[in-house]
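Colleague: I should like to learn how to read the overall form and the interior of a chain. May we work through an example together?

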Amino acid sequence: MGTVDLAMTLTDTNVIQNFTINVPAGQPIGNYRMRIVQEEAGAAGTISPCGTFTYGSTEDYTVQVINACVPTTSVSSIFPTSGPVGTVVTINGSGFTTATSVSFGSVVASFNIISNTVIEVIVPTGATTGNIVIQDAGSCNLSYSSFTVITKDVSSCEGAPVTTDLIIYELHDEFTGDGGFITLYNGTAATVNLSNYRIYRAGDYGAAISNYATLTGSIAPGALGVVTVDAASCGNATNGDLNAGFNENDQIQLRNAAGTVVIDDVHAYIPGPGYYMVRNAGALSARTTFVAADWSTTPLVAGQCIPSAGLVPPSGTGDSPAVTLNPIDVNASCSSSTATLSVAGTEGVAGGASLAYQWYVNVPGNAGWTAVANGGVYSGATTTTLNISSTSGLNNYQYYCQIRENDATCYTATEAAIVKEGATIWDGTSWSNGVPTLTKLAIINGNYDTTANGNFSCCSLIVNASFVLDIRANDYVEIQNDLTVNGTLNVLNNGSLVQISDAGINTGNISYQRIASAKLQDYVYWSSPVSGFDVNSISPATPAYYHWEWNPTILNPNGGEGNWVNASTTMLGGKGYIVRAPNGFSNTVDQNWTATFNNGVANNGVYSPSIARGNDLNAGTPGPNGVMRTVTDDNWNLLGNPYPSSISINSFLLANPDLDGFVRLWTHGNLPTYTVDPFYNNFVYNYTASDYIAINGAGATSGPGTLSVIGGGQGFFVLMNPGTATTSTATFNNSMRDKGYSNSQFFRNSNVLTTAPGGDIERHRIWLDLVSPTNETTRTLVAYVDGATAGKDRMFDALTDYKSAQNFYSLIADQVMTIQGKGLPFVQDDRVPLGIKTPSNGVYKIAIGAVDGLFAGNQNIYLEDKVLGVIHDLRQNPYSFSVNSGILNDRFVLRYTNETLGNEDFDNDFNVLIASSDVISILATNEIIQSVQIHNVLGQLLVNEKNISSESFEINTLQKNNAPLIIQVTLENGKKVSKKLIF
């Protein structure tokens with residue numbers, strides 16, 4: 001152990017000696033013991049670290065040697081240099097990308113690294129005046145300058161100062177002898193009973209401490225209580241005695257009666273005896289650990305007493321007002337360019353002087369704060385509310401308010417609030433105030449292209465004159481509120497302009513482009529995303545008589561209601577229209593048809609187009625063209641997406657309970673064919689009804705992973721719920737829009753979304769196809785989906801009808817469904833009746849079109865042919881069968897096991913006997929035969945005898961050729977028996 005000698009010559013009895021110890025270079029890191037020996041009248045040469053002496057002291061300390069720390073940060077300036085809690089302090093310097101923490105003294109603050117040379121720090125709650133400390137990644141601290149935290153001033157506050165508990169107010173130690181006294185102060189609003197308190201003392205601060213006084217009596221609010229030593233020459237005891245005198249470096253504590261809780265702690269004057277300690281004005285908070293800054297000390301000489309000690313309580317230092325409401329930061333651009341800052345407080349002394357207010361402002365780059373005066377953009381500068389009529393040019397201005405009682409030297413400062421003007425301006429290269437957000441106004445003051453510069457969201461959007469904003473394919477611009485177009489805004493094909501607030505106000509025209517792939521005879525279903533657009537402007541090269549809208553309640557040529565009406569009008573928001581491709585297009589090759597909706601304001605907010613249903617005219621009877629008229633013919637309505645962005649089908653259906661829970665989109669996928677039974681009516685040629693895709697919460701008839709949204713500019717059919725003739729409205733609103741929705745789904749284009757319109761719910765689905773001899777395909781969907789039931793469900797089942805020449809569907813009772821949703825869990829014994837409508841005789845096929853969910857695994861899928869008694873594995877190959885033209889609803893069943901049918905409605909038993917020679921003889925042993933049908937293996941009906949009403953029956957009309965036949969006998973009790981026979 002080495003020693004270092006420090007010689008001191010003392011000329012007074014009370015000396016504080018400062019000295020520095022230099023750690024030798026290369027000293028290993030670790031803990032070391034340092035001993036300081038002080039000997040009275042000693043000499044440097046005679047003092048030994050382990051020696052003995054008569055008068056003096058020996059103290060040991062632990063010293064930790066650590067690596068030298070060189071901060072990687074440096075600070076050149078800070079602005080402002082003072083401020084209340086919440087102030088944003090801008091620190092300029094270097095190396096800030098390595099900063100890991102910033103604190104005000106020991107209080108950690110939140111910070112934001114703007115760049116390597118700029119960092120912003122927010123003054124935290126609990127911060128006190130002192131240095132700002134920046135710590136870097138190497139744990140090196142840089143302590144810079146001194147920041148003044150503005151909190152309060154109580155120097156002129158009226159009334160007795162307020163405390164939360166009894167405190168030690170004065171220590172008066174006489175220079176000689178044991179004399180002295182301790183003064184207690186009651187700054188609470190109630191009389192304090194001293195039996196609830198004890199005074200403890202330690203001979204040295206931090207040493208063993210014990211009960212030290214006998215306290216008596218009570219202290220009234222705002223009064224002092226004096227506890228003295230018996231031998232005291234100074235002070236008059238009012239509330240008890242001290243057991244002995246106290247000296248320098250003592251520890252005095254005020255505790256609760258049990259001595260277990262420290263209320264106030266004082267470290268007595270260190271240099272020597274004889275001193276007067278008194279709390280500073282406004283420093284009247286009880287401290288569980290001594291705070292030297294709270295106290296002022298006066299050394300005393302022999303016989304000296306402070307005359308006012310123990311007699312004069314603190315006065316004129318009552319508490320300042322309490323803040324009950326702080327101003328909040330302002331993002332002025334989202335709804336307006338004005339700002340309002342409000343505060344509130346309560347009096348520091350109840351019933352005293354009324355409160356007054358003064359607002360202060362810090363201008364960015366300035367060190368200090370300036371009192372706000374009324375005038376210009378400011379009003380209410382001396383009230384609870386500061387009004388700013390325009391925030392233009394005030395970005396990053398900061399404000400706080402002094403809530404005063406009496407005058408400027410009795411106040412409490414509120415927290416600071418900052419005005420973020422919120423605007424960011426695109427100059428053709430970069431944003432002036434960072435990338436826009438939903439709380440920040442975006443101003444286009446230079447050409448902007450989303451492909452080159454990216455998507456963005458903003459509070460409101462302004463496109464300045466002479467500049468262009470292009471939203472390109474699969475890109476978006478999202479706006480919380482308003483759109484103002486003084487220049488040019490182009491939404492190109494598959495781009496999206498999305499708005500969130502229905503109350504957003506749009507001004508100025510946009511251009512919205514849609515490209516459809518079409519042949520000459522194709523009709524495209526349109527809806528306008530802008531206001532005031534004429535339907536004839538969609539395709540000026542299309543003759544006016546090829547523009548149509550749908551009217552559900554007018555007569556049609558089939559003797560029912562619902563028919564096309566020529567359209568030559570301004571397109572209404574939310575209404576659908578159809579337009580044939582332009583003249584000059586090929587009838588055999590698809591061509592791009594570009595429609596540009598321009599010279600109109602972008603649609604936004606709520607749209608409520610009219611919907612209607614008729615009175616079911618002639619429903620249930622065939623019309624003049626042979627097509628059955630149904631109760632749903634006059635319930636169809638043609639609507640359209642009114643926005644320049646896509647909408648969620650599921651959200652639309654949930655918002656419109658007056659509609660059946662599915663939509664129909666027209667895909668114009670096939671050339672027209674000339675037939676006698678139209679979907680609704682003739683247009684020289686008729687279009688294949690399968691070009692309508694049905695979509696609901698179970699999925700889409702087109703297949704998996706498609707069509708969860710309706711693209712901007714797209715028209716679509718909906719079915720109004722059945723009922724008496726009436727009119728109502730459908731609803732569109734912005735909650736159906738989202739920047740995450742693809743807008744590329746227009747007709748048959750692929751949609752990037754993979755979830756069905758019902759959202760992310762459990763689904764297991766089979767798409768089945770009916771394929772004609774000429775390969776015309778009709779598809780139906782059976783879906784096992786969360787939320788569906790075995791009955792008719794609005795959001796999971798979609799009706800179809802018999803109007804198409806060819807159709808394929810499942811059945812719920814007597815209702816035909818192009819989509820049928822069934823409940824979960826899946827049960828493999830489930831059976832789904834299937835029906836077909838065929839336009840001509842021939843060999844057709846039923847095949848699996850697509851599967852997902854559990855059907856994408858090993859789950860069996862069978863088709864039962866009840867006529868032929870066949871259960872066919874559809875996973876192996878399609879099922880081929882012969883059929884005559886017409887409707888067949890009792891032959892096919894979708895099932896998931898290949899066990900022989902066991903229900904009593906279709907049974908092979910021995911109660912019916914069949915024999916043959918030259919004729920076929922049928923005998924029912926216990927029942928009456930009602931009818932007999934005989935099919936060959938191709939499914940062709942050879943015999944259909946009805947109303948037999950006998951126990952036996954013979955058939956002699958068939959020529960015997962040793963071919964297999966299927967004989968189905970129906971008994972009067974409804975039982976059906978099927979037998980095979982070679983004849």
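Modeller: Certainly; please bear in mind that this is a predicted model. We may begin with burial: of the 983 residues in the chain, 48% count as buried.

Colleague: Which secondary structure elements does the chain have?

Modeller: The chain has two helices and 80 strands. Its radius of gyration is 46 Å, whereas the globule rule gives 30 Å for 983 residues, so the chain is more spread out than a compact globule. Along the principal axes, the C-alpha atoms fill a box of roughly 150 × 70 × 65 Å.

Colleague: What share of the contacts with a separation of 6 or more comes from residues 24 or more positions apart?

Modeller: Such residues account for 63% of those contacts in the chain.

Colleague: How should the interior be read?

Modeller: In soluble globular proteins, nonpolar side chains tend to be buried together. Here, the largest nonpolar core holds 49 residues, and F652, V663 and F716 touch the most other members. Leaving aside residues up to four places away in sequence, V663 touches I649, F652, L653, I693, A694, I695, I710, F716, F717 and V718. Another core, of 39 residues, lies apart from that one; F456, L497, Y577 and F585 are among its members.

Colleague: How much of the accessible surface belongs to carbon and sulfur atoms, and how far apart are the mean positions of the positive and negative charges?

Modeller: The accessible surface comes to about 42700 Å², and carbon and sulfur atoms make up 50% of it. The chain carries 42 positive and 77 negative charges, whose mean positions are 15 Å apart.

Key. Residues numbered from 1 in each chain as written. Heavy atoms only, no water. Helix = DSSP H or I, 4+ residues; strand = E, 2+ residues; numbered from the N terminus. Rg over C-alpha atoms; globule rule 2.2 N^0.38 Å. Buried < 20%, exposed > 50% of the residue type's maximum accessible area, 1.4 Å probe, protein only. Contact = heavy atoms within 4.5 Å. Areas by Shrake-Rupley, 256 points an atom, 1.4 Å probe, with all protein chains shown as cover. Lys, Arg positive; Asp, Glu negative; His and termini not counted. Charge placed at Lys NZ, Arg CZ, Asp CG, Glu CD. Core = buried A, V, L, I, M, F, W, Y, C linked by side-chain atoms within 4.5 Å.
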